[in-house]
Amino acid sequence: MKPVKYSHKDTNKIDLGTKVIYKYPTPTKEFDIARMVVKGRNPEKKNKYLLEHGCDFVIYIIKGVGKVYAGKEIFDVKLNDVVFVPKENKFAVEGNFEYITVDVPAFYLEQSEEIQTD
């Protein structure tokens, strides 16, 4: 494998309404990286969360403020904060902020599910 550079124009834009994902291509399945733009809550309903079965990930806040719901924790986040979310922990984000996420191993849609709590 050789070094490679990617620009924003190389990203795959995934618009989820309250969250827009700019997923960068990576030449490996060992990790991946994306920039997320949050405006509201994702998932939108207060009793819904995402659950990643196949990857751990880290969130690095690059702009704004908000909340990260991870497992049983609720973290208030701001510029330069980092949150680690191990696989098998429910997850949601809320606020007006941007973050970089690195998934290990690389994220793939089939390992993720939306769950509902009571």
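**Contacts, core and pocket in a predicted model**

A polar contact of 2.9 Å ties the side chain of E98 to that of R35. This comes from a predicted model, as does everything that follows. E98 sits in strand β8 and, at 15% relative accessibility, it falls on the buried side of the line, because buried means under 20%. Once residues up to four places away in sequence are set aside, E98 touches R35, M36 and V37, along with Y60, I61, I62 and K63. The first of these, R35, is also the partner in the polar contact.

A little further along, T101 is another resident of β8. Its relative accessible area is just 2%, so T101 counts as buried too. A polar atom of the T101 side chain lies 3.2 Å from the backbone oxygen of V58. V58 also turns up among the residues that T101 touches, the others being D32, I33, A34, M36, F57 (again leaving out residues up to four places away in sequence). M36 is a shared neighbour here, as it appears in the list for T101 and in the list for E98.

Next comes the nonpolar core. The largest one holds 17 residues, and those that touch the most other members are I59, V68, V85, F91, V93, F97 and Y99. Four strands each supply at least two residues of this core: β3 (32-42), β5 (56-70), β7 (82-85) and β8 (90-104). Of these, β5 gives the most, with five residues. What does V93 contact, neighbours within four places in sequence aside? The list runs to K19, V38, G40, R41, N42, K67, V68, Y69 and Y99. Two of these, V68 and Y99, are themselves among the core residues that touch the most other members.

The model also has a pocket to look at. The largest pocket contains about 450 Å³ of space. Its lining is made up of 23 residues, with K19, I21, M36, E52 and F107 lying nearest the centre. Two or more lining residues come from each of β2 (19-23), β3, β4 (48-52), β8 and β9 (112-116). The biggest share belongs to β3, which gives five residues. As for character, the lining divides into 14 nonpolar residues, three polar ones and six charged ones. Some of the residues nearest the pocket centre have come up already: K19 is in contact with V93 of the core, and M36 touches both E98 and T101.

The backbone has a few oddities worth pointing out. Most residues other than glycine have a negative phi, and most peptide bonds are trans. Against that background, the peptide bond from N42 to P43 is cis, with omega near -5 degrees. P43 belongs to the loop between β3 and β4. A cis bond also runs from V104 to P105, this time with omega near -10 degrees, and P105 is placed in the loop between β8 and β9.

Phi angles supply the remaining oddities. N80 is not a glycine, yet its phi is positive, at about 75 degrees. Its place is the loop between β6 (73-77) and β7, where N80 is partly exposed, with a relative accessible area of 47%. E88, likewise no glycine, has a positive phi of about 70 degrees. It is found in the loop between β7 and β8, and at 45% relative accessibility E88 is partly exposed as well.

Finally, two isoleucines deserve a look. I115 lies in strand β9 and is partly exposed, its relative accessible area being 22%. Although I115 and F91 are 24 residues apart along the chain, their C-alpha atoms are separated by 9.6 Å. Beyond residues up to four places away in sequence, I115 touches N47, K48, Y49, L51 and K90. I14, in turn, has its place in strand β1 (residues 12-15), and with a relative accessible area of 30% it too is partly exposed. Residues up to four places away aside, I14 touches K19, V20 and I21, and K19 and I21 are both among the residues nearest the centre of the largest pocket. How far is I14 from T117 in space, C-alpha to C-alpha? The two are 25 Å apart, with their positions 103 residues apart in sequence.

Conventions. Residues numbered from 1 in each chain as written. Predicted model: local features only at pLDDT ≥ 70, side-chain atom pairs only at ≥ 80, totals over all residues. Heavy atoms only, no water. Core = buried A, V, L, I, M, F, W, Y, C linked by side-chain atoms within 4.5 Å. Buried < 20%, exposed > 50% of the residue type's maximum accessible area, 1.4 Å probe, protein only. Contact = heavy atoms within 4.5 Å. Polar contact = N/O pair within 3.5 Å; in protein donor to acceptor, adjacent residues only side chain to side chain. 1 Å grid on protein atoms, 1.4 Å probe; cavity = no way out; pocket = protein on both sides within 12 Å on 5 of 7 lines; lining within 4 Å. Points joined across faces, edges and corners; volume = space filled by probe spheres on them. Nonpolar A, V, L, I, M, F, W, Y, C, P; charged D, E, K, R; others polar.
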